[in-house]
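Trainee: I have a chain to look through before the afternoon meeting. Could we go over it together?
Mentor: Certainly; please put it on the screen and ask as we go.

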Amino acid sequence: MRAWVAWSCSSASSELYAAASDACIHEFCDVVVPFAGAVESLRQLKALGFRIGILSHVAWQSRGCKAWFERYGFAESIDFYSLSCDVGWIKPNRKHYQDAR
């Protein structure tokens, strides 16, 4: 991404890179649409005392993943994220699952 911004603009400032990156992440993330009733289901599970987390090997950066959960109303029910881009492991590596504990 940084190379594309540098190539397409005479001065690729960090602000420009961040704006371009955020726009791309938003577009990539929104190809996934939650199932109807999913937000309410998680709220009910949370109210019953379940600890809810996201353990994923997503194709986008963690801030994009977390922003998606915020946009669709899931974030308030999520206790933790264990994303491969943050922890450095991908499923089925045992360490990825251990990080989620």
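Trainee: Which residues is Ser-82 in contact with, leaving aside its neighbours within four places in sequence?
Mentor: In this predicted model, Ser-82 is in contact with Ile-54, Leu-55, Ser-56, Val-87, His-96, Asp-99 and Ala-100.

Trainee: And where is the place of Ser-82, in terms of secondary structure?
Mentor: Ser-82 belongs to strand β2.

Trainee: Is Ser-82 buried or exposed?
Mentor: Ser-82 has a relative accessible area of 1%. Buried means under 20%, so Ser-82 counts as buried.

Trainee: His-96 was in that list. What does His-96 touch, not counting residues up to four places away in sequence?
Mentor: His-96 touches Leu-55, Ser-56, Ser-82, Leu-83, Ser-84, Val-87, Trp-89, Ile-90 and Lys-91. Leu-55, Ser-56 and Val-87 are among the contacts of Ser-82 and are also touched by His-96.

Trainee: Where is His-96 placed, and why does it count as buried?
Mentor: His-96 lies in helix α6. Its relative accessibility is 0%, and therefore it counts as buried.

Trainee: Lys-91 came up as well. What is the peptide bond from Lys-91 to Pro-92 like, cis or trans?
Mentor: That bond is cis, and its omega is near 15°. Pro-92 sits in the loop between α5 (84-87) and α6 (94-99).

Trainee: Changing topic to the rings: how many aromatic pairs are there?
Mentor: The count is 5 aromatic pairs. One of them joins Phe-69 and Phe-74, with ring centres 5.8 Å apart and planes at 80°, so this pair is edge-to-face. Both Phe-69 and Phe-74 are buried.

Trainee: What about Phe-69 and Tyr-81?
Mentor: Phe-69 and Tyr-81 also form an edge-to-face pair, at 5.8 Å centre to centre and with 65° between the planes. This pair links distant parts of the chain, since Phe-69 is in helix α4 (residues 62-71) and Tyr-81 is in strand β2 (residues 80-83), 12 residues apart.

Trainee: How do Phe-69 and Tyr-81 compare in accessibility?
Mentor: Phe-69 has 11% relative accessibility and so counts as buried. Tyr-81 has 23% and therefore counts as partly exposed.

Trainee: Which residues do the ring pairs link into a cluster?
Mentor: The cluster consists of Trp-68, Phe-69, Tyr-72, Phe-74 and Tyr-81.

Trainee: On to the surface. Which residues make the nonpolar patch?
Mentor: Leu-45, Leu-48 and Phe-50 make a nonpolar surface patch of about 310 Å². Leu-45 is located in helix α3 and, at 35% relative accessibility, counts as partly exposed. Across the chain, about 6,800 Å² is exposed, and carbon and sulfur atoms supply 59% of that area.

Trainee: How much of the chain is buried?
Mentor: Of the 101 residues, 27% are buried.

Trainee: And the overall fold pattern, read along the sequence?
Mentor: The chain has 6 helices and 2 strands, in the pattern α-α-α-β-α-β-α-α. Among contacts with a separation of 6 or more, 63% are between residues 24 or more positions apart.

Trainee: Last item: where is confidence lowest, and where is it highest?
Mentor: Confidence is lowest in helix α1 (residues 2-8), with a mean pLDDT of 50, and highest in helix α3 (residues 38-47), at 96. The average pLDDT of the chain is 79, and 75% of the residues score at least 70.

Notes: Residues are numbered from 1 along each chain as its sequence is written. This is a predicted model: local features need pLDDT of at least 70, side-chain atom pairs count only at pLDDT 80 or more; totals for chains, interfaces and linings use all residues. Side-chain values use heavy atoms; hydrogens and water are left out. pLDDT is the predictor's confidence in each residue, from 0 to 100. Helices (H or I, at least four residues) and strands (E, at least two) are DSSP runs, numbered from the N terminus. Patches are made of residues with over 30% relative accessible area and no salt bridge: like charges are joined within 9 Å, nonpolar side chains (Val, Leu, Ile, Met, Phe, Trp, Tyr) within 5 Å. Accessible areas come from the Shrake-Rupley method with a 1.4 Å probe; for residues, only the protein chains shown count as cover. A salt bridge is a side-chain nitrogen of Lys or Arg within 4 Å of a carboxyl oxygen of Asp or Glu. Buried means under 20% relative accessible area, exposed over 50%, partly exposed in between (1.4 Å probe, protein chains only). Rings of Phe, Tyr and Trp (its six-membered ring) pair if their centres lie within 6.5 Å; planes under 30 degrees apart count as stacked, over 60 as edge-to-face and the rest as tilted. Contact means heavy atoms within 4.5 Å.
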